[in-house]
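Please open the structure in your viewer and keep the sequence panel visible beside it. The tour below proceeds from one selection to the next.

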Amino acid sequence: TGRPVLLVAPTELIAQRQAQDIERLTGDGCAMLPARDIQFSRAAMSRDRAWQRLSVLDGLTAGRVKVLCASVDALLDRCAPRARFQSAAITLSEGGRIAPDGLMEALIRGGYERVPMVEGRGQCAMRGAIVDVFPANAADALRIEFFDDEIDSLRRFDCISQRSIARVKGARIAPATECLVADAQAAADRLKAALEKGVGHAMESAAPEHAAPGPDGLSSLDDFLSGLDALEATEDLLAQPQGNDDGARSDEAGAEARASWKRHLDDVDRVRAGQVIRTAPMWMNVLLDDTALVTDYLDDPIVLLDRPDQYQVRLRAAADALLATGLHRVFISLGGDGVFAADRSGERVHLPVLPAEMVNTTGCGDAFMAAITWAYLAGTDLTGTAKAGLAASAIAMEGAETINPALNACAVRARAGL
């Protein structure tokens, strides 16, 4: 049929094995997309998974990947819109024309780090009429030699010995980040606003008297994450003697919070200057004005589900984990597959979406959550609450406006059969 295939596996390990088996049979055209690493702080971490993701996304935009294997977790990760990612890729060929300075600017916009000498992936350097870059989607670094603004030669080289490996006729350089910002000024403003709302509050609560342990004797998640960020305090700060004086400890905690806040503001300045910050993945939804799923990189794919029974098992496990934290009810939206709901009494329900004429999907999720809250506060049982959410979502979908004027309590009751 010529259509790409998306094979969804319950876990990443299974997806990886499937990709290896398919590649043995087909030879090429198959790839496995790993889930993005969760980043809590600025601490250095391996970027191997990031390089693999970028290589796969580039293969999808270039049409090289015909079969994509991915776990459910990988499919849920947001990434840059397909058109933006594709436009950030750079295609070079011998005899082609591009100014060396223009190439460097394009590489930096695409997330590459400018260094004196290329030693690893995601780096670029310029020496006279020579530009070196280690593409995110390549096994070797690439050396581009110019004659004025014409590409005289392209060579793969070893970044350890700096010696050439082979001459190539052309090369495609994928972006070195998924966080491709379209408007640096707007992205910096959004980041600063988010920091002032969230990190500013964390600074106010940084003093020991505010860091009360939870009921289980453990610190809260906010305190834990603040502690991770505080690992980057300066050596002088870490070298200060630890006394028993409460005032000294309070001063130290305040100094750490201020240092962390300054680092965040420095990130704002870097974003405003068009640079890619180390913590960009954790700010993806803030820095980008629009995001997409990897399914948006596939044109009308054939979707295959491996072991579909395992998805219900994972849903139940996720609901049980949330209920174990003390929640009374859990509602998990499944998009077109409806909603899964559970409560502490052991009741579990999976309800399909209600029939609706789609006019506008904007606001459906908000209507769903509003109705869930309304029904819960009204004392409605688990199934009825889930039905109310689905009913409100269906009503919102049928209106041309973001908030459908027809959405009210009577309409929700009637649609849900309450």
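How many bridges join strand β1 to strand β3, and do these strands run parallel or antiparallel? Select residues 5–9, which form β1, and residues 67–71, which form β3. The two strands are joined by 5 bridges and run parallel. Within this pair, L7 stands opposite C69 in β3. Please note before continuing that the model is predicted.

**The parallel sheet**

Now extend the selection to the whole sheet around this pair. It is an open sheet of 4 strands, in the order β2-β3-β1-β12, and the pairing is parallel. At the edges lie β2 (30–33) and β12 (302–305), each of which pairs on one side only. From one strand to the next, the twist averages 20°. Next, add helix α2, which packs on the sheet and touches β2 and β3. The direction of α2 makes about 135° with that of β2. As general background, the strands of a sheet pair through backbone hydrogen bonds, in either a parallel or an antiparallel manner.

**The nonpolar cores**

Keep α2 selected and turn to the interior. The largest nonpolar core has 57 residues. To find the residues with the most contacts inside this core, select L60, L68, L107, I144 and L287. Helix α2 (residues 48–62) supplies the largest share of the core, namely 5 residues.

Which residues does L287 touch, apart from those up to four places away in sequence? Display its side chain together with C179, V181, A187, R190, L191, V271, I277 and A280, which are the residues that L287 touches on that count. There is also a second, separate core, made of 12 residues. Among its members are A367, A388, A392 and A416.

**A hairpin**

Move next to residues 150–157, strand β9, and residues 164–168, strand β10. These strands run antiparallel and are joined by 4 bridges. Select R156 and look across to β10, where its bridge partner is A166. The hairpin of β9 and β10 has 6 residues between the strands, and Q162 takes a positive phi near 65°.

**The antiparallel sheet**

Proceed to another open sheet, formed by 3 strands in the order β13-β14-β15 with antiparallel pairing. Its edge strands are β13 (329–333) and β15 (348–351), and each pairs on one side only. Neighbouring strands of this sheet are turned by 15° against each other on average, direction ignored. Between β13 and β14 (residues 339–343) there are 5 bridges. One position to inspect is I332, which stands opposite F340 in β14.

Remain in strand β14 and select A342. Is this residue buried or exposed? A342 counts as buried because its relative accessibility is 0%, and the limit for that class is under 20%. Leaving aside neighbours within four places in sequence, A342 is in contact with A319, L323, H328, R329, V330, E347, R348 and L382. Draw a distance line from A342 to H328: these residues are 14 apart along the chain, and their C-alpha atoms are separated by 8.5 Å.

**An exposed strand residue**

For a contrasting case, select F147 in strand β8 (residues 141–147). F147 counts as exposed because its relative accessibility is 62%, whereas the class begins over 50%. Now add A99, which is 48 residues from F147 in sequence. Measured in space from C-alpha to C-alpha, the two are 9.8 Å apart.

**The cysteines**

How many disulfides does a search of the whole structure find? The search finds 0 disulfides. In general terms, a disulfide is a covalent bond between the sulfur atoms of two cysteines. Two cysteines may be inspected here. C124 is buried, with a relative accessible area of 0%, and C159 also counts as buried, at 16% relative accessibility.

**The whole protein**

Finally, clear the selection and view the complete chain. The protein has 14 helices and 15 strands. Of its 418 residues, 41% are buried. Among contacts with a separation of 6 or more, 62% are between residues 24 or more positions apart. The exposed area is about 22500 Å², of which carbon and sulfur atoms supply 54%.

How values were computed
Residues numbered from 1 in each chain as written. Predicted model: local features only at pLDDT ≥ 70, side-chain atom pairs only at ≥ 80, totals over all residues. Heavy atoms only, no water. Core = buried A, V, L, I, M, F, W, Y, C linked by side-chain atoms within 4.5 Å. Buried < 20%, exposed > 50% of the residue type's maximum accessible area, 1.4 Å probe, protein only. Contact = heavy atoms within 4.5 Å. Pairing = 2+ DSSP bridges. Areas by Shrake-Rupley, 256 points an atom, 1.4 Å probe, with all protein chains shown as cover. Axes fitted to C-alpha atoms, helices over the stretch in contact; angles between N-to-C directions. Disulfide = S-S within 2.5 Å.
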